[in-house]
Amino acid sequence: MPTNTIDPNSWVDKYSDYLFNYTIVRVDDREIAQDLVQETFFAGLKSMKNFKGEASERTWLISILKRKIIDHYRKINSNKGKAEVRMNYTGDSETEGDWLEERVADPFDKNAEGDLENEELGLAIHNCLGKLPEKQSLIFKMKTIQGFDTEAICNEFDITASNLWVIIHRARTAMAECLEKNWF
Amino acid sequence: MKTTSKLFISCEEAKHICDKNQYGEASLKEIITLNIRLIYCKVTRIYSKKNVKLTKVIKTSNVQTINHSDKKSMKQKLHKELSK
């Protein structure tokens with residue numbers, strides 16, 4: 001029995017950060033990730049009729065996004081054959097004379113397990129952020145993740161510094177509790 | 001007497017300073033008073049521990065979000081598409 005409903009007006013507020021975080025670890029480019037999220041919303045609008053309500057709205061959007069990401073890589077790969085690749089053997093003076101092998105990226109440098117754990121943690125953080133009241137979540141993100149100045153946030157939301165710290169305190173307490181349950 | 005009252009702060013004040021300290025916005029004097037409170041107040045110690053853990057977790061997760069202004073333009077584009 002379908003239990004989930006669909007509301008495109010709330011997509012950006014509810015899911016854009018979650019989808020963005022999911023995308024950025026896969027495409028490693030902010031602009032492309034943002035475009036893919038926007039395209040996902042457009043595609044969601046077009047196929048709204050297909051939403052049966054069996055899965056949650058977010059799961060449904062993620063399944064669209066996955067296809068968008070695959071399409072993006074297909075597009076890149078089809079362009080690759082046409083592109084001209086130029087490689088300079090000795091590009092800079094610092095590495096001149098080094099063996100080519102020494103310049104190849106170390107495959108053990110990037111820890112795949114660690115990356116996966118980070119991605120899961122990122123999604124857990126977004127889950128917890130989604131449970132906060134909208135204004136609290138917005139201010140917490142601006143202060144903690146985007147690193148905005150206290151003054152800039154106060155001006156944006158027309159609040160005093162002490163108001164901001166009360167909001168931050170509530171958000172931090174709720175986030176710590178939520179992550180305690182779902183992550184730590 | 002005045003100095004004593006400045007050195008000893010309430011639990012709520014300590015939590016407030018602890019929050020500010022997570023963003024590097026607590027003054028030296030505030031940090032000292034917080035540390036004094038941490039010596040004898042278990043509640044502040046627990047709060048501080050959780051708070052530091054949260055800061056660390058968010059830093060290591062490398063979590064990212066879309067800017068407020070970009071979100072606004074995303075919303076506008078979506079509304080435009082919706083009204084078609």
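# Reading helix contacts in a two-chain model

User: Which residues in α6(A) meet residues in α8(A)?

Analyst: On one side are Q136(A), I139(A), F140(A) and K143(A) of α6(A), and they meet L164(A), I167(A), I168(A), R170(A) and A171(A) of α8(A). Keep in mind that this is a predicted model. The residues of this contact divide into 6 nonpolar, 1 polar and 2 charged.

User: At what angle do helix α6 and helix α8 of chain A cross?

Analyst: Helix α6 covers residues 134-145 and helix α8 covers residues 161-182; their axes cross at roughly 95° and come within 9 Å. Angles of 65 to 115 degrees count as roughly perpendicular. That makes α6(A) roughly perpendicular to α8(A).

User: Let me step back to the whole chain. How many helices and strands are there in chain A?

Analyst: Chain A has 8 helices and 0 strands. Read from the N terminus, its elements run α-α-α-α-α-α-α-α. Chain A has 184 residues, and 23% of them are buried. You can also look at how far apart in sequence the partners of a contact are. Among the contacts in chain A with a separation of 6 or more, 67% join residues 24 or more positions apart.

User: Now another helix pair. At what angle do helix α1 and helix α2 of chain A pack?

Analyst: Helix α1 (residues 11-27) and helix α2 (residues 30-46) of chain A pack at about 135°, and their axes are 8 Å apart. An angle over 145 would count as roughly antiparallel, and 65 to 115 as roughly perpendicular, with the rest between these ranges called oblique. α1(A) and α2(A) are therefore oblique to each other. The crossing of this pair is right-handed.

User: Which residues in α1(A) meet α2(A)?

Analyst: From α1(A) come W11(A), S16(A), L19(A), F20(A), T23(A), I24(A) and V27(A). Their partners in α2(A) include I32(A), A33(A), L36(A), V37(A) and F41(A). Sorting the residues of this contact by class gives 10 nonpolar, 4 polar and 1 charged.

User: Which residues have the most contacts inside the largest nonpolar core?

Analyst: A nonpolar core is a set of buried nonpolar residues joined through their C-beta atoms. Here the largest one has 17 residues, and L19(A), F20(A) and V37(A) have the most contacts inside it. The elements that give two or more residues to this core are α1, α2 and α3 (57-80) of chain A. The largest share, 8 residues, comes from α1(A). To zoom in on one member, leave aside the neighbours of L19(A) within four places in sequence: L19(A) is then in contact with V37(A), T40(A), L61(A) and L65(A). There is also a second, separate core of 15 residues, which includes L138(A), I139(A), I168(A) and L179(A). You have met I139(A) and I168(A) already, in the contact of α6(A) with α8(A).

User: How many residues of chain B are in contact with chain A?

Analyst: For chain B the count is 26 residues, and they are in contact with 31 residues of chain A. On the chain B side, the elements giving two or more residues are α2 (11-22), α4 (42-61) and α5 (68-82). α5(B) gives the most, with 9 residues. By class, the chain B side has 9 nonpolar, 7 polar and 10 charged residues.

User: Which residues in α1(A) meet α5(B)?

Analyst: W11(A), V12(A) and S16(A) do, and their partners in α5(B) are K71(B), M74(B), K75(B) and L78(B). Those residues divide into 4 nonpolar, 1 polar and 2 charged. The two helices pack at an angle of about 125°, with their axes 10 Å apart. α1(A) and α5(B) are therefore oblique to each other, and their crossing is right-handed.

User: Is S73(B) in α5(B) buried, exposed or partly exposed?

Analyst: Burial is read by counting neighbouring C-beta atoms within 10 Å: 20 or more makes a residue buried, and 12 or fewer makes it exposed. S73(B) is found in helix α5 of chain B. S73(B) has 14 other C-beta atoms within 10 Å, so it is partly exposed.

User: One last feature. Where does D28(A) lie?

Analyst: D28(A) lies in the loop between α1 and α2 of chain A. Most residues other than glycine have a negative phi. D28(A), though not a glycine, has a positive phi of about 55°. D28(A) has 9 C-beta neighbours inside 10 Å, so it counts as exposed. Compare D158(A), in the loop between α7 (150-157) and α8 of chain A. D158(A) is not a glycine either, and its phi is positive, at about 55°. With 7 C-beta neighbours inside 10 Å, D158(A) counts as exposed.

Technical notes: Residues numbered from 1 in each chain as written. Chains lettered and ligands numbered in written order. Predicted model: local features only at pLDDT ≥ 70, side-chain atom pairs only at ≥ 80, totals over all residues. Contact = placed C-beta atoms within 7 Å. Helix = DSSP H or I, 4+ residues; strand = E, 2+ residues; numbered from the N terminus. Nonpolar A, V, L, I, M, F, W, Y, C, P; charged D, E, K, R; others polar. Axes fitted to C-alpha atoms, helices over the stretch in contact; angles between N-to-C directions. Parallel < 35°, antiparallel > 145°, perpendicular 65-115°, else oblique. Left-handed = near helix turned anticlockwise from the far one by under 90°. Core = buried A, V, L, I, M, F, W, Y, C linked by C-beta atoms within 7 Å.
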